[in-house]
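Please find below a colleague's note on the nonpolar core and the aromatic contacts of this protein, written to be read alongside the sequence and the structure.

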Amino acid sequence: MSSQSGGTLSDRRHAGIELYHLLSGCEPADADVRDNGNFDRHVLASVLCAAVMDGGPLPERAGLTVDELNELLAKYFPFAPVWVTISVKSSGSTSDEEIMVRDLLLAQRSTKGEISRWLAAMIARRAMEPNHLWEDLGLRERTELSRLLARHFAPLAAQNSKNMRWKRFFYRRLCEDEGWAMCTTPVCTQCKDFNHCFGEENGESRMAERRRDHLREFEGHVEASGSPQA
């Protein structure tokens, strides 16, 4: 699998859906995540698929080095016919903002091993994208992100007692740690931007949206070709 995912938007959507199936052997909607191990694999597969859908070098979009990504694939998806090669070198640069989010997560890890370190880098990178964080991680709903953070970054997750939107919460914590004033009001309920921090984060997941679009395209091709002759 090349780390350079070019092609049209439709091509990238199909590539993301295909990658999830290669990694997990099922559709995202059918993933059974009751077991923590299965949940971790679902999260990792979802992030990689979201990164593929964005196009560009996969390791860079996922927040990992090529070696880290291949190590992740070998450990969590050993039977999947997937590997990563470099066809185009990435810039290798990481923004200060991404580094700060990553370091915030690394300092609050609650599970041992490489997975929480990988996830800290992946979450930080995907947090640079413009949508709700759970969407840019490719997850099915916000509750999966909350579970992910409570499992692997429990001390940090526990501090979000008011259920603030996760990306906003990260930045609020960073501002507090650096002594910056992020908000103009001392109490959130008095702020005119309250809904930007605490509003609903509902909506259709990226994977579900891509699958729906794929089915719609397929049905369109069938209709265009006409009914088979009797």
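The points that follow concern a predicted model, and they move from the core to the aromatic rings.

1. The largest nonpolar core holds 53 residues, and among its members Ile-123 and Phe-170 touch the most others. The largest share of this core, nine residues, is supplied by helix 2, which spans residues 36-54. As general background, nonpolar side chains tend to be buried together in soluble globular proteins.

2. Leaving aside residues up to four places away in sequence, Phe-170 is in contact with Val-101, Leu-104, Leu-105, Ile-123, Leu-133, Leu-149 and Leu-156. The list thus includes Ile-123, the residue named together with Phe-170 in the first point.

3. The structure contains three aromatic pairs. In one of them the ring centres of Trp-166 and Phe-169 are 5.8 Å apart and the ring planes stand at 85°, so this pair is classed as edge-to-face. Both residues belong to helix 10 (residues 166-178), where they are separated by three residues, or about one turn of the helix, and both are buried.

4. Trp-166 also pairs with Phe-170, in this case in a tilted arrangement with 6.4 Å from centre to centre and 45° between the planes. These two residues lie four residues apart in helix 10, again about one turn of the helix, and each of them is buried. Through ring pairs, Trp-166, Phe-169 and Phe-170 are linked into a cluster.

5. A further point for the reader to inspect is Phe-39, since the face of its ring has Arg-147 lying over it, at 4.0 Å from the ring centre.

Note on methods
Residues numbered from 1 in each chain as written. Predicted model: local features only at pLDDT ≥ 70, side-chain atom pairs only at ≥ 80, totals over all residues. Heavy atoms only, no water. Core = buried A, V, L, I, M, F, W, Y, C linked by side-chain atoms within 4.5 Å. Buried < 20%, exposed > 50% of the residue type's maximum accessible area, 1.4 Å probe, protein only. Contact = heavy atoms within 4.5 Å. Phe/Tyr/Trp six-rings, centres within 6.5 Å; stacked < 30°, edge-to-face > 60°. Lys NZ or Arg CZ within 6 Å of the ring centre and 35° of its normal.
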